[in-house]
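Got the viewer open? Let's take a walk through this one, from the whole chain down to single residues.

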Amino acid sequence: MTATPPQEGDLRVRPAKAEDVQAIFHNIGHWAAQGKMLVRPMPNIFENLRDFFVAETVGADGRTTFAGNGALHILWGDIAEVRGLAVAPQVQARGVGRALVAACEAEARRVGIPTLFAWTYTVAFFERCGFTLIDKTRGLHPRVWSECLRCPFFVGCNENGVIKRLDGVPMPLDLPEPPPAQVPPGIR
Ligand SMILES: CC(C)(COP(=O)(O)OP(=O)(O)OC[C@H]1O[C@@H](n2cnc3c(N)ncnc32)[C@H](O)[C@@H]1OP(=O)(O)O)[C@@H](O)C(=O)NCCC(=O)NCCS
């Protein structure tokens, strides 16, 4: 069977490569400057590059154009975080965000992680992707706080937590207990 050749207007999502890091960094920076997400330093993107997916659109000449990025970061055996999700400004509201979240979900399924989590200011988008808003003061998985210490809002956390249980992915057997979390003040 031969692969279908790329068609104009196609949206593709693939694992990120080193050459994508500048585009990812600038895309996240664009939205962070507007207060829509937290800034992610370039060393952090390189260190976590295998977490990242890149979306691209196919032009009339068959060339691809960067359309956005998102990452799946494994927190523990039972939970992984969708983070660094940002769609390029010129292709907002065309299904790119949903496609990036779907790639993260497929990756979680591949490695056998049954729960997705995200911190976000854009709850409605995640709800459209099957996530549910949770009460962050109520006993969350300790690993969801793993990046909070580097966050400028560690005191006065203003993001929302959303969660999605993946149907058909069983809880891994013999999971060890996660270490206790450094929870932001005022949460519990
Ligand atoms: C939030 C974001 C990732 C959404 O990506 P997108 O490609 O524009 O969204 P999609 O076209 O895939 O939308 C999927 C669904 O979510 C809805 N949706 C998207 N953004 C929404 C928003 N801000 N508020 C409410 N609903 C939204 C769409 O209407 C669509 O609904 P449908 O199921 O009825 O079709 C994108 O707007 C973005 O990059 N924003 C800036 C950075 C950001 O906020 N990142 C998230 C931080 S975790």
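Helices and strands here are DSSP runs, with helices (H or I) at least four residues long and strands (E) at least two, numbered from the N terminus. Keep in mind that this is a predicted model.

Start with everything in cartoon. You should find four helices and seven strands, and tracing along the sequence gives β-α-α-β-β-β-α-β-α-β-β. The radius of gyration is 17 Å, close to the 16 Å from the globule rule for 188 residues, so the protein is as compact as a globular protein of that length. The C-alpha trace spans about 55 × 40 × 30 Å along its principal axes.

Next, select residues 21-33. That's helix 1, 13 residues reaching 18 Å from first C-alpha to last. Show side chains for Ile 24, Asn 27 and Ile 28, the buried residues of helix 1. They sit on the same side of the helix, because they cover an arc of only 95 degrees around its axis. Now swing round to the face turned away from that buried side, where Gln 22 and Ala 33 are exposed.

What do the buried residues of helix 1 pack against? Colour helix 2 (42-47), strand 2 (52-58), strand 3 (64-76) and strand 4 (79-87) to see their partners. Just after helix 1, stop at Gly 35, with a positive phi near 75 degrees.

Now for the largest nonpolar core, with 37 residues: Phe 53, Ala 80, Val 82, Leu 100, Cys 104, Leu 116 and Ala 118 touch the most other members. Helix 3 (96-111) and strand 5 (115-120) are among the elements that each supply at least two of its residues.

Last stop: centre on Ala 118, whose contacts include Val 82, Phe 126, Phe 131 and Val 162.

Key:
Residues numbered from 1 in each chain as written. Predicted model: local features only at pLDDT ≥ 70, side-chain atom pairs only at ≥ 80, totals over all residues. Expected span 1.5 Å × (residues − 1). Buried ≥ 20, exposed ≤ 12 C-beta atoms within 10 Å, placed from the backbone. Arc of directions from axis to C-beta. Contact = placed C-beta atoms within 7 Å. Core = buried A, V, L, I, M, F, W, Y, C linked by C-beta atoms within 7 Å. Rg over C-alpha atoms; globule rule 2.2 N^0.38 Å. Lists of a residue's contacts leave out its neighbours within four places in sequence.
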